[in-house]
There are 2 protein chains.
Amino acid sequence: MQPTSSLHALRKLLKERDLDGMIIPRADAHQSEDCSPNDNKLEFISNFDGSAGLALILADRALLFVDGRYQVQARQQVNLEEFEIHHLHDEPLHLWLRDNLPAGKRIAFEPLLMVNSQYESLRTSGCDLVAVNDDPLNTIWADRPAAPRGVVTQMPDEISGEPSAAKRARMAALLKEKGVDYLAITLLDNIAWLLNVRGSDVAMNPVAQSFALLKNDGEIEWFVDDAKLHQLDSTLLNSVSLQHHDSFLARCQQLAAGKRFSLDGDTAPVAVRIAVEAGGGEIVWQPDPITLVKANKNSAELEGYRACHIEDGVAWVNFLAWLSHEVPLREAAGNPVTELEAQEKQLAFRQQCDNFREQSFSTISAAAHNAAMCHYHSAPETNMAITTKAFYLNDSGGQYFNGTTDATRTLNFGQVDAQRRLHYTAVLRGFLALISLQFPQGTQGHQLDAFARRPLWEMGLDYDHGTGHGVGHCLFIHEAPHRLAKKVNPWPLLPGVIQTIEPGYYLEGSHGMRVENQVEIVASQPGFCKFASLTLIPIDLSAVEISLLSEQDIAWLDDYHQQVREILSPLVSGDARPWLIEATAPVRTQRA
Amino acid sequence: MQPTSSLHALRKLLKERDLDGMIIPRADAHQSEDCSPNDNKLEFISNFDGSAGLALILADRALLFVDGRYQVQARQQVNLEEFEIHHLHDEPLHLWLRDNLPAGKRIAFEPLLMVNSQYESLRTSGCDLVAVNDDPLNTIWADRPAAPRGVVTQMPDEISGEPSAAKRARMAALLKEKGVDYLAITLLDNIAWLLNVRGSDVAMNPVAQSFALLKNDGEIEWFVDDAKLHQLDSTLLNSVSLQHHDSFLARCQQLAAGKRFSLDGDTAPVAVRIAVEAGGGEIVWQPDPITLVKANKNSAELEGYRACHIEDGVAWVNFLAWLSHEVPLREAAGNPVTELEAQEKQLAFRQQCDNFREQSFSTISAAAHNAAMCHYHSAPETNMAITTKAFYLNDSGGQYFNGTTDATRTLNFGQVDAQRRLHYTAVLRGFLALISLQFPQGTQGHQLDAFARRPLWEMGLDYDHGTGHGVGHCLFIHEAPHRLAKKVNPWPLLPGVIQTIEPGYYLEGSHGMRVENQVEIVASQPGFCKFASLTLIPIDLSAVEISLLSEQDIAWLDDYHQQVREILSPLVSGDARPWLIEATAPVRTQRA
């Protein structure tokens, strides 16, 4: 079988340049979780469209490295006569290169798509790494989509809570303190936060592809396609030095002589390091300081989160009331509600909210065993009926003009068997144990994660994902740096930090369940913090073994449901109100 | 006021050698927790006898750096007209040197007493660090105690569970795997484990001061004073190359050319690095691999722990029965039992055990507010009465021929007020939450620590120490590397690992309480582990608010007490048996 034309063309090009191979990662220059289509070189070359992975193209072999989640999908999507599938973590690329290629092979890489820590590990492979500064796929990717030109909008100061100038002054002072001249900002959400702008290059990712260079006097250069900027007001534009998007690296090099640049070794392209060093500058390796400052939300941002969760809660209640009504009726009529129909209906309810912009991530609308796949997204060929006989899991959220939401509910419309009841009860107990916790200010996520797992651990079970993540303020749904997870996370949890709490349980081919609230961390007793729920959605207790809940669990549920009922009942549609009242009744009443 | 003669003499000597100052740490060449008196140079020069700290002696200033525990004690013990007291952690020595001395000052240090990580941080201070290879205090410490010559004994293979030759072969294979030629062993418990010997140089620390060099073919050189070895049998002595204790560094240098030495950067003297590098060898920095191998106890060692805990449990029950009987009577008679009397009586009961050798650490026998000091040791001037009006805390353990014990009980002989009841109940609930946990094999200590703290956290309280530590097998009471603590501990918890579980609560000037069991980690459901108690001592429930315990808490207590009763009641003295039966009665009975 002949290699596909793209692979053939790339190999020809490598040969012309006297290169033995090339690394093609699933990455853009900002290490974004969601790539824009024109940046998805890995998909172009391999046909694999997962969210992580990389290809190594050699003259006579092509290898695709993907993680555990994607071993099956990769084998379905790529041509296995062209590509060998390898494991991204078990067989790291630098070790594969070291063990399988003779030393000194010339391997090309694009330094805009690789961060310093990856680059340093690849340097131990014995290969001769050749930085390719033009975009080699430009010549061979015939139908390549254009780079997005999503319009950029201003975030009003009353929503951001702090004018951009004040943020720049704060960050500049931090740079001075560290003896740094320039901060090279390559993370798109950090640029958006600093400038109080939001973009629309990639759906559900309200950021604009660009770079920025902040000087330690507060001056900023913004490297962005100015075709996107026509809606911005002059106050911002006059305070920023606009530069061509493509001139970022050259400008770093030009400014570098004798200067110290702060660079994030795990997120910034190694291309920036190369440019600064070529210009005679020095790198100060540290996490982008904006990442931590941005995570501690100010009071306007917190107000926004709280307000948009009320709108989102109304949409959820209207949706769940509709679903609870429809599922048994439509099932009986032989025309059941499906996953896709449900998620469309949910989106319609969200679109009724004044401040709703778009979804904050691809909805997971999963019935029965589809919910056992953590990253399932419904498609016509997998679209299942939602019935009274199996759980239905919905994980969805919205980008609102004043905040971002992310919540999961697992719903029972009939009877579930004893095993599923025990599993769901364990997941809920873990959720309650963590969300009701009071902990010393500054505690770190890995110290708390196990509270959400203990009820599953007692049964010899666990779930293979983190327990919670940050949520950006009208930014990314997964926001660094705080995480609640097994893995060590060194960032102290402080008032104003936003997290999700989302334990789950998944039994392949059978069922999956997860309960997720978004929370803010608030001060409580002196020196201590608590989680306060932002999410306002009833938690389904119909599949819970109430006798396994503690008094503390029940008290939390009753308090929470009272809060949900009091806030939302004046706001939901008339049909949904009786459902809400019943769904938020105290546990004792529900049990009786 | 004139400086003391020792300080004067040291300054004279520094001046003669053209040195601007000298660092004197509280350390021996093995970074032992307990120094032998002849190694305690810090006490000689400063009069401070705490277990951690260091002095910096300059021509015109003398500084003592101690941690938070010792700020008060240091001010009581040292002459404050000679010494300034500084904080060991808040004001690290290398920063003090950098900020307070002009660059290039010649500061002496003894490279046998400093580890590589300390040395590397001091190198950033701008000082000229001068290694002093002779022992400068030899000439000025007139009444210096002699180095100990404690006899070394053989540990039989049936107690160690593995012949020394087999251990050496296992470790040698690990060295080969890493491409290492020699392992320089400077940790005394690792030498004792590898050779199956126990020493007696320092009370309660059954190790022999020595060094060892293991080659990757299993050959071993032991650098030890042979006056200690007369009890060892010829099989061991013939399999080991004995060397003069003082020739260790010279021998490392002699062997080094072209060889790779494994060295532990956090525990091995930097003197070894200097010697190896001077001889043309290369250092491979890694934790001493024995530390991890030793922590996973074999079945003979585990049998030994279990057996000695039965003997220790008998001694505890006899002691507690006696104490419970005596405290109210003697209080009424106006001649109360005191802390010192209690700990002597307890030692006498332990001395009745067949396999008891000595205490495993200095007993904490603390009544009333004395127990609020975590590291309290009774002395005639602080010795308090044990009464029916306040808690009594006892933290003690034994070195037995087949294992080592460490346990704490907090005892109530009368009535305690509501606040103390709530505090004690919270401590006990934390203890129960952690000790009853099932967790995935390989979980790390920092993931579990918070279970023991949650009931205190709920009240806005906490304790300022770790939750648990390893216990050596007839070795150190604090054994690396596993810890249950807030601080990240990267070592997976696996079956065969020994830990303590010991939450507490301390209110200065008022009361202190702690409950501690020693546990072994055992396999449970597939992929999961549990803690199994080694400690067999009734837990005092008379001050517990039973209504705050969960059903799971009560079930654990009843199971535990049944086990204690069944194992110990045939073994305790006649008078103690009724007390044991009552003290181990099921919770429901006790409440009724």
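Here are some questions and answers about how the two chains of this predicted model fit together and how chain B is built.

The model is predicted, so local features need pLDDT of at least 70 and side-chain atom pairs count only at pLDDT 80 or more, while totals for chains, interfaces and linings use all residues. Residues are numbered from 1 along each chain as its sequence is written, chains are lettered from A and ligands numbered from 1 in the order in which they are written, and side-chain values use heavy atoms, with hydrogens and water left out.

Q: What makes the relation between chain B and chain A that of a two-fold axis?
A: Two copies of a chain are related by a rotation about an axis and a shift along it. Here a rotation of 180° with 0.0 Å of shift puts chain B on chain A, with an RMSD of 0.1 Å; the fit is by least squares on the C-alpha atoms of residues with pLDDT of at least 70 in both copies. That is the relation of a two-fold axis. In chain B, Q447(B) comes closest to the axis, at 2.6 Å (C-alpha).

Q: How do you know that the same surface serves both copies?
A: Look at the contact residues, where contact means heavy atoms within 4.5 Å. 100% of those in chain B recur in chain A. The tally is 24 residues of chain B against 24 residues of chain A.

Q: What is the buried area between chain B and chain A?
A: Buried area is the accessible area (1.4 Å probe) that two parts lose on being put together, summed over both. It comes to about 2,100 Å² here, and carbon and sulfur atoms give 56% of that. On the chain B side, Q447(B), R454(B) and W457(B) lose the most, together 32% of what that side buries.

Q: How many salt bridges are there between chain B and chain A?
A: A salt bridge needs a side-chain nitrogen of Lys or Arg within 4 Å of a carboxyl oxygen of Asp or Glu. The count between these chains is 0, although a search of the whole structure finds 68 over all chains.

Q: Why is the pair R514(A) and E502(A) called a salt bridge?
A: Their side chains meet at 3.7 Å, N to O, and the limit is 4 Å, so the pair qualifies. R514(A) lies in strand β26 and E502(A) in the loop between β24 and β25 of chain A, so the pair ties together parts that are 12 residues apart in sequence.

Q: Why are β12 and β14 of chain B said to stand at the edges?
A: Strands here are DSSP runs of E, at least two residues, and helices are runs of H or I, at least four residues, all numbered from the N terminus. Two strands pair if DSSP finds at least two bridges between them. The open sheet runs β12-β11-β10-β8-β13-β14 (chain B). β12 and β14 each have a single partner strand, so one side of each is left without a neighbour in the sheet.

Q: How do you know that β8 and β13 of chain B pair?
A: They share 2 bridges, in the parallel sense, and the rule asks for at least two, so they pair. One bridge partner of note is F261(B), which goes with Y182(B).

Q: In which sense do β1 and β2 of chain B run?
A: They run antiparallel, joined by 5 bridges. M22(B) stands opposite I57(B) in β2(B).
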